[in-house]
Amino acid sequence: MPIILTDEYKENDTWEDYQERTAGFEYIETCKTEAEFNEWIADKKESWFKHFPTGTAYRVHCLDGGAWDRPTSWGAFGTLEEAKQCCENGPSWKKAAAHGYYVAWKNTT
């Protein structure tokens, strides 16, 4: 049985919070200046609203045996109607794999 979870865009990260949270992270790339941080936040917001115009992401998950330790992610959708269609019809990537096609995920941000 698939479920729909929602995530809403929230602007609650500040430069100070970010600095504190990432202090000591030498192994990952972090913003070095407040200007870089503000640009990163603006890009993140633009990308979010490009994919989820209402500001809400509708994420479909299912306990279908695809992963042994968590629900399988069936996809993230910009509208509740699209998420409901996925729940009713199953994920498009699963159908493609059943027919011998493999979906290559592409980062479009």
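**Arg 21 and its partner**

Arg 21 counts as partly exposed, at 44% relative accessibility (buried is under 20%, exposed is over 50%, and partly exposed lies in between, using a 1.4 Å probe and protein chains only). Its partner is Asp 13: the two form a salt bridge (a side-chain nitrogen of Lys or Arg within 4 Å of a carboxyl oxygen of Asp or Glu), with the closest N and O atoms 2.9 Å apart. Asp 13 also counts as partly exposed, at 22% relative accessibility.

This is a predicted model, in which local features need pLDDT of at least 70, side-chain atom pairs count only at pLDDT 80 or more, and totals for chains, interfaces and linings use all residues. Residues are numbered from 1 along each chain as its sequence is written, and side-chain values use heavy atoms, leaving out hydrogens and water.

**The chain as a whole**

Let us step back and look at the overall layout. The chain has four helices and three strands (DSSP runs numbered from the N terminus: H or I of at least four residues for helices, E of at least two for strands). Following the sequence, you meet them in the pattern β-α-α-β-β-α-α.

Of the 109 residues in the chain, 27% are buried. Take the contacts (heavy atoms within 4.5 Å) between residues at least 6 apart in sequence: 47% of them join residues at least 24 apart.

**More salt bridges**

How many salt bridges does the chain have in total? The count comes to four. One of them joins the side chains of Arg 59 and Asp 7, at 2.5 Å from N to O. This pair links distant parts of the chain, with Arg 59 in strand 2 and Asp 7 in strand 1 (residues 2–8), 52 residues apart. Arg 59 is partly exposed at 26% relative accessibility, and Asp 7 is partly exposed at 33%.

Another salt bridge brings Glu 11 to Lys 45, where the closest N and O atoms are 2.8 Å apart. Glu 11 sits in the loop between strand 1 and helix 1, while Lys 45 belongs to helix 2, so the pair ties together parts that are 34 residues apart in sequence. Glu 11 is exposed, with a relative accessible area of 54%, whereas Lys 45 is partly exposed at 35%.

**One loop, two settings**

Now visit the loop between helix 1 (15–22) and helix 2 (34–51), where you will find Tyr 27. Thr 30 has its place in the loop between helix 1 and helix 2 too. Which of the two words, buried or exposed, fits Tyr 27? Tyr 27 is exposed, with a relative accessible area of 66%.

Thr 30, by contrast, is buried, at 13% relative accessible area. Setting aside neighbours within four places in sequence, Thr 30 is in contact with Tyr 18, Thr 22 and Glu 36.

**Ala 57 in strand 2**

Our last stop is Ala 57, which is found in strand 2 (residues 56–62). This residue is buried, with a relative accessible area of 0%. What surrounds Ala 57, apart from its neighbours within four places in sequence? Ala 57 is in contact with Leu 5, Thr 6, Asp 7, Trp 48, Phe 52 and Phe 77. Asp 7 in this list is also the salt-bridge partner of Arg 59.

There is one more distance to look up in the structure. Ala 57 and Ala 83 are 26 residues apart in sequence, and their C-alpha atoms are 9.4 Å apart in space.
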